[in-house]
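User: Could you take a close look at one residue for me, and at the chain around it? I'd like the cut-offs behind each term as well.

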Amino acid sequence: MSPGKRVAVVTGSNKGIGFAIVKELCQKFDGDVYLTSRDEDRGRAAVEELGKLGFQPQYHQLDVDDEASGLRFRDHLQSQYGGLDVLVNNAAIAFKNAAPEPFSQQATETLKTNFFSTLRFCNIMFPILRPHARVVNVSSSAGHLLKISGENSVAIDLRKKLCSSDLTTEELTEMIHGFVKAAQTGDHVKLGWPNSAYSTSKIGISALTRIQQRAFDHDSRQDIIVNSVHPGYVDTDMTSHKGPLTIEQGAVAPTWLALLPPNVDGPKGGYVWYDKQIVDWVNGPTPTVV
């Protein structure tokens, strides 16, 4: 047990950007860093790989789709450390463009993991965040509001609702459920949504980040900050290794946000590009996608 010792968690971190974030945090964070994975063997192999490089992350099994797994991990952190200082929500899935699964199935599964399970995991972990905690929600260039690109009244209304400063988590959840339901009948585009389950999931995460920061601004715990981040188009399994950036380059902005110093002016509730540029999530423009 290490009560008071600082601790950081990166979800979905046995490979790709998550793995590189763990590696960089091991270099820069003044505390224990947890590498997590659904599959324990893969996770422990990743820890071993980092060990050969001279890093010593901790390991805990975590499947964000499994509520009991999240609760077990929270209880472990609470008992061992008394709280949590850094949470990087990186775990996500994406179907390939040529995936044979029908869009209805892609929508259900993608939004389950990328939005609903991530939200539930935040709700499990946020009560143990300590003052000055930092939360990073890994989004995407596909998660910018203007990916809802229609100029008809339905799309305009959808954008307006998503960027409202009064939007609640419950309302956002209902909207995302509406997308999944519409995707079962192919009506999602008529309702203004993009024809992409992944993009919709990341738009949801970007919108959620803004709601979460508004809540933290009124939290009794001082100086808790959350931001969403586009880590860049990175050479990973998710991009079929087509991205030009290395996983280390993809880890730069998420790690920077995870290590924002105490009482910093910002960014807070922001949407941040891979080069640390703070991007206007509502109006754009978005920088060149890399």
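The part I have in mind is Thr110: where is its place, and is Thr110 buried or exposed?

Analyst: Happy to help; here is the residue, followed by its setting. This is a predicted model, in which local features need pLDDT of at least 70 and side-chain atom pairs count only at pLDDT 80 or more, while totals for chains, interfaces and linings use all residues. Residues are numbered from 1 along each chain as its sequence is written, and side-chain values use heavy atoms, with hydrogens and water left out.

Thr110 sits in helix α4, which covers residues 103–125; helices here are DSSP runs of H or I with at least four residues, strands are E runs of at least two, and both are numbered from the N terminus. Thr110 counts as buried because its relative accessibility is 2%. Buried means under 20% relative accessible area, exposed over 50% and partly exposed in between, with a 1.4 Å probe and protein chains only. Setting aside neighbours within four places in sequence, Thr110 is in contact (heavy atoms within 4.5 Å) with Ile93, Phe95, Phe115, Ala197, Tyr198 and Ser201.

Now for the chain as a whole. The protein chain has eight helices and eight strands. Its radius of gyration, taken over C-alpha atoms, is 18 Å, close to the 19 Å from the globule rule for 290 residues, so the chain is as compact as a globular protein of that length. That rule is 2.2 Å times the number of residues to the power 0.38. Buried residues account for 51% of the 290. Of the contacts between residues at least 6 apart in sequence, 72% join residues at least 24 apart.
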